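Here is a walk through one protein chain, from its sheet to its aromatic rings and cysteines. Keep the coordinates open as you read.

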Amino acid sequence: MLDVTRLRVLAAVARHGSVTAAARALGYAQPSVSHHLARLEAETGSRLIQRVGRGIRLTDAGRMLAERAEEILGRLDAAEDELAAHAGLHAGRVRLAAFPSALGTFVPRAAAAFAAAHPDVELRFTEAEPPDAARLLRSGEVDIALLFSYSGTPPAADGLRRTPLLTEPIHLVTPAGLPGDRIGDHAARRWITGCERCRTHLVRCCEAAGFTPDIAFTTDDYVAVQALVAAGLGVTTLPGLALAAQLNAAVRTVRLPDHERVVSAAVHGEPPDPPAVAALLEHLTRATATALTPP
């Protein structure tokens, strides 16, 4: 039978990229991490890591087992929470992973209401974009992850339970005074986007309008994006939460018809949720009623 501690070590090495970083994250000595990896290879009869220069990388077998380990560890943590919920004992802590524009709008309102109602429960935040937030949730490092998906995107088959919180519009953002209410009106202009994995929706919108965007600047900071637009360095699209969190007076925004983003709160494992998790979900749902207005 596979040892849970050794699976946790392998998952940490996969997540952090090295034995040293994994040891630091787990609070272990580096030789202890190496020992656990060696014992796990002996238990599985498979080579899980290989030396590359001064570092290591996972073999195909190692990557496969690390992915399964993330799922297994998440399930174990969920099982502990479910048992605690059944016994009515779970209180002390709830952890939330959220993307920046959620942290800049409705999350503080939900957190304040939660803290007032449950002063003995410790609430912790981690800033993470959806792919990382989902990984943290599956690995048991957070209890709730705020995720989003764009209209027209098929539901993710990742085993997470999602509670839809709100649907936010997507806006075209241009310098104030610049005409053009459609994406296609700006085909010849330079564009500002998020990181490669975050720009998919914008690129898809531009391609639907008949052109490939000339991406001149890349940043996931929605304040910086608006500053670049305001300076006349390009145009972009932003979701409603980003504009509610911070709106630069020197930009012009136009809502794009039929372009939306659905924000959900995700948990891992079967119901019932621990009381603290259920309470925070309720406060998040309430807070989104005013999410698209400035905090």
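The paragraphs below start with the sheet and then turn to side chains.

This is a predicted model. Begin with the open sheet. Six strands build it, in the order E4-E3-E5-E10-E6-E9, and the pairing is mixed. The edges are E4 and E9 (236–239), each of which pairs on one side only. On average, neighbouring strands of this sheet are turned by 30° against each other, direction ignored.

Now take strand E3, residues 93–98. Five of its six residues are buried, so the strand is mostly covered. E3 runs parallel to strand E4 (residues 122–127), and six bridges join the two. Ala98 has Glu127 as its bridge partner in E4. E3 also runs parallel to strand E5 (residues 144–150), here with two bridges. In that pairing, Ala97 is matched with Ala145 of E5.

Move on to E5 and strand E10 (residues 251–268). These two run antiparallel and are joined by six bridges. Leu146 stands opposite Ala265 in E10.

Helices pack against these strands. Helix H7 (residues 130–138) lies across E3, E4, E5, E6 and E10. H7 runs at about 145° to E5. Helix H9 (residues 222–230) packs on the sheet as well, touching E6, E9 and E10. The direction of H9 makes about 145° with that of E9.

Next come the rings. A pair of aromatic rings is described by the distance of the centres and the angle of the planes. The count here is three aromatic pairs. How are the rings of Phe99 and Phe148 arranged? Their centres lie 5.0 Å apart and their planes stand at 90°. Planes over 60 degrees apart count as edge-to-face, so this pair is edge-to-face. The two residues sit 49 residues apart and link distant parts of the chain. Phe99 is in the loop between E3 and helix H5 (100–103), while Phe148 is in strand E5. Phe99 has a relative accessible area of 1%, so it is buried. Phe99, Phe148 and Tyr150 form one aromatic cluster. A charged side chain joins the picture at Phe148: Arg261 lies over the face of this ring, at 3.8 Å from the ring centre.

Another aromatic pair is made by Trp191 and Phe211. This one is tilted, with 6.0 Å centre to centre and 35° between the planes. Trp191 belongs to strand E7 (residues 190–193). Phe211 lies in the loop between helix H8 (200–208) and strand E8 (214–218). The pair links distant parts of the chain, 20 residues apart. Trp191 counts as buried at 0% relative accessibility. Phe211 is buried too, with a relative accessible area of 11%.

What about the cysteines? A disulfide is a covalent bond between the sulfur atoms of two cysteines. The count for this model is zero disulfides. For Cys205, the nearest cysteine sulfur is that of Cys206, 6.8 Å away. A disulfide needs the sulfur atoms within 2.5 Å, so 6.8 Å does not qualify. Cys206 is likewise in no disulfide. Are these cysteines buried or exposed? Cys205 counts as buried at 8% relative accessibility. Cys206, at 0%, is buried as well.

Finish at Asp185, in the loop between strand E6 (160–175) and E7. At 35% relative accessibility, Asp185 counts as partly exposed. The C-alpha atoms of Asp185 and Leu65 are separated by 49 Å, with these positions 120 residues apart along the chain.

Notes. Residues are numbered from 1 along each chain as its sequence is written. This is a predicted model: local features need pLDDT of at least 70, side-chain atom pairs count only at pLDDT 80 or more; totals for chains, interfaces and linings use all residues. Side-chain values use heavy atoms; hydrogens and water are left out. Buried means under 20% relative accessible area, exposed over 50%, partly exposed in between (1.4 Å probe, protein chains only). Helices (H or I, at least four residues) and strands (E, at least two) are DSSP runs, numbered from the N terminus. Two strands pair if DSSP finds at least two bridges between them. Rings of Phe, Tyr and Trp (its six-membered ring) pair if their centres lie within 6.5 Å; planes under 30 degrees apart count as stacked, over 60 as edge-to-face and the rest as tilted. A charge sits over a ring if NZ of Lys or CZ of Arg is within 6 Å of the ring centre and within 35 degrees of the ring normal. Axes are lines fitted to C-alpha atoms, for helices over the stretch in contact, and angles run from 0 to 180 degrees between N-to-C directions. Contact means heavy atoms within 4.5 Å.
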